[in-house]
Structures are given as structure tokens and as C-alpha cells.
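Me: I'm new to reading protein models and would love a close look at a single part. Could you walk me through it step by step?
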Amino acid sequence: MSETVTLVVNDIAVEMPAGSMVSAAILKTGTQAFRRSVTGEPRGPLCGMGICFECRVTIDGEQHSRSCQTVCRNGMDVRTEPQKGTEEIQPQKSTEEIQPQKGTKSAKETK
Ligand code: FES
């Protein structure tokens, strides 16, 4: 029988096989946006090997922790952005909602 650990991701208890990475535990909760870019775009794991820093989350109060490089531990508290109770990430505008710049046509006009 394999050993498991239980951690908390955004107030959701998650049971994972021992040795699993925090990024996998976050994805298991259905969360895909781990953080926001400086322009507000949702970001999530890209490389899975510690290079891109797109998987940064807050782990036990320590911000900017790479979740793909952190092994799950019992009782660990993991927070993604936006945290519960804060503004939800808004879906990207469709191409038809984006206003054209001067001298260009909108997606509607090009159909
Ligand atoms: S997914 Fe690239 S650093 Fe974690």
C-alpha cells in the first residue's frame, strides 16, 4: 500500500501519493490558473522542471514558491491567485469584443 499525504489547496483538502509535487495537487483541485501575469493574464505550469516560474504559488506563507519543484507534505497550506474571496480571474475577451486600433478592422468586420 502506498503512503499518502494530505495538504490543503485554497481551503480544499487534497490527498496525494507521497512524493507528488504541489503542482499536481493544485491541478487535482481543478485549478488551472496558479497566478496572474503583470498584465492580469492567468498563468499555470509550463515546463514542469523549475525553469519557467509560471507555477509560482504561496506555500505555507512563502510567496513565489515553484509548485512544480516542491514535494507535497502533510498539512501544507497552498494558495493560488486569486485567493478565495478575492476577484475571480475573468475569461479573455473574445476577438469580437476587442476594439480595433485606429486603421484596423475588428474581427466582426473581417467576416
Ligand atoms: S512549471 Fe515551470 S517552473 Fe514550475
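Is Gly-48 buried, exposed or partly exposed, and how many other C-beta atoms lie within 10 Å?

Reply: Happy to help! This is a predicted model, in which local features need pLDDT of at least 70 and side-chain atom pairs count only at pLDDT 80 or more, while totals for chains, interfaces and linings use all residues. Residues are numbered from 1 along each chain as its sequence is written.

Gly-48 is partly exposed, because 15 other C-beta atoms lie within 10 Å (20 or more would make a residue buried, 12 or fewer exposed, and in between is partly exposed; C-beta atoms are placed from the backbone). Gly-48 sits in the loop between strand S4 (42-43) and strand S5 (56-59); strands here are DSSP runs of E with at least two residues, numbered from the N terminus. Cys-68 is 20 residues away from Gly-48 along the chain, yet their C-alpha atoms are separated by 5.5 Å.

Now follow the chain out of that loop into S5. S5 pairs with S6 in the antiparallel sense over three bridges (two strands pair if DSSP finds at least two bridges between them). Within this pairing, Ile-59 has Glu-62 in S6 as its bridge partner.

Both strands belong to an open sheet of five strands with mixed pairing, in the order S2-S1-S7-S5-S6. S2 and S6 (62-66) stand at the edges with a single partner strand each, so one side of each has no neighbour in the sheet.

At the S2 edge, S1 (residues 4-9) and S2 (residues 12-17) run antiparallel and are joined by six bridges. There, Val-8 stands opposite Ala-13 in S2.

Methods
Helix = DSSP H or I, 4+ residues; strand = E, 2+ residues; numbered from the N terminus.
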